[in-house]
Amino acid sequence: MNSTVGSEFLLYQTPDGQARIRLRVQDGSLWLTQKQLAELYQASVLTINGHLHTLFRDGDLDMDRTIR
């Protein structure tokens, strides 16, 4: 099954021009990889993973709805 069927891709560039990221929009949701999040926020993937772990642990995000 192709997970990009019905998807739309957008190109985002940060105001300072440091990051340029291709984003996927599907079913009204914006999807980024952990690597893309790290680039967008100018952080490491390890930092992004730590923040995601905290959000899942605290119940602020539902892993089943946010991880594909």
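**Exercise 1. Find the hairpin that β1 and β2 form, and state how many residues lie between the two strands and which residue in the turn has a positive phi.**

Solution. Start with the turn: β1 and β2 form a hairpin with six residues between them, and Gly-17 in this turn has a positive phi of about 75°. Strands, like helices, are DSSP runs numbered from the N terminus (E over at least two residues for a strand, H or I over at least four for a helix). The model is a predicted one, in which local features need pLDDT of at least 70 and side-chain atom pairs count only at pLDDT 80 or more, while totals for chains, interfaces and linings use all residues. Residues are numbered from 1 along each chain as its sequence is written, and side-chain values use heavy atoms, with hydrogens and water left out.

Next, consider the pairing, for which DSSP must find at least two bridges between two strands. Strand β1, residues 8-13, runs antiparallel to β2 and is joined to it by six bridges. Within this pair, Gln-13 stands opposite Arg-20 of β2, and Phe-9 stands opposite Arg-24 of β2.

**Exercise 2. Follow β2 into β3, and determine which residue in the turn has a positive phi.**

Solution. β2 and β3 are paired in the antiparallel sense over three bridges, and Arg-24 stands opposite Trp-31 in β3. The hairpin that β2 and β3 form has two residues between the strands, and the residue in its turn with a positive phi, of about 50°, is Asp-27.

Now place this value in context. Most residues other than glycine have a negative phi. Asp-27, found in the loop between β2 and β3, is exposed, with a relative accessible area of 68%; here buried means under 20% relative accessible area, exposed over 50%, and partly exposed in between, with a 1.4 Å probe and protein chains only. Gln-42 also has a positive phi, near 50°, and is found in the loop between α1 and α2, where Gln-42 counts as exposed at 51% relative accessibility.

**Exercise 3. Write the order of helices and strands along the chain, and state what share of its residues count as buried.**

Solution. The chain has three helices and three strands, which follow the pattern β-β-β-α-α-α when read along the sequence. Of its 68 residues, 19% count as buried. For contacts (heavy atoms within 4.5 Å), consider those with a separation of 6 or more: residues 24 or more positions apart account for 15% of them.

**Exercise 4. Identify the residues of the largest nonpolar core, and say which helix supplies the largest share.**

Solution. A nonpolar core is a set of buried Ala, Val, Leu, Ile, Met, Phe, Trp, Tyr and Cys residues joined through side-chain atoms within 4.5 Å. The largest one consists of five residues, namely Leu-37, Ala-38, Ile-48, Leu-52 and Phe-56. Both α1 and α2 supply at least two residues of this core, and the largest share, three residues, comes from α2. Turning to one member of the core, and not counting residues up to four places away in sequence, Phe-56 touches Leu-61, Asp-62, Met-63, Thr-66 and Ile-67.

**Exercise 5. Describe the lining of the largest pocket, and locate Trp-31.**

Solution. The largest pocket holds about 530 Å³ of space. It is lined by 22 residues, of which Trp-31, Leu-32, Thr-33, Leu-37 and Thr-66 lie nearest its centre. The elements that give two or more residues to this lining are β2 (20-26), β3 (29-31), α1 (34-40), α2 (45-57) and α3 (63-66). α2 gives the most, with five residues.

On a 1 Å grid over the protein atoms alone, a pocket is an open set of points with protein on both sides within 12 Å along at least five of seven lines, and lining residues have an atom within 4 Å of a point.

Finally, take Trp-31, which is found in strand β3 and is buried, with a relative accessible area of 13%. Its C-alpha atom is separated by 8.5 Å from that of Thr-66, although the two residues are 35 residues apart along the chain.

Note on methods
On a 1 Å grid over the protein atoms alone, a cavity is a set of points where a 1.4 Å probe fits but cannot get out, and a pocket is an open set with protein on both sides within 12 Å along at least five of seven lines; lining residues have an atom within 4 Å of a point. Grid points are joined across faces, edges and corners, and a volume is the space filled by probe spheres set on the points.
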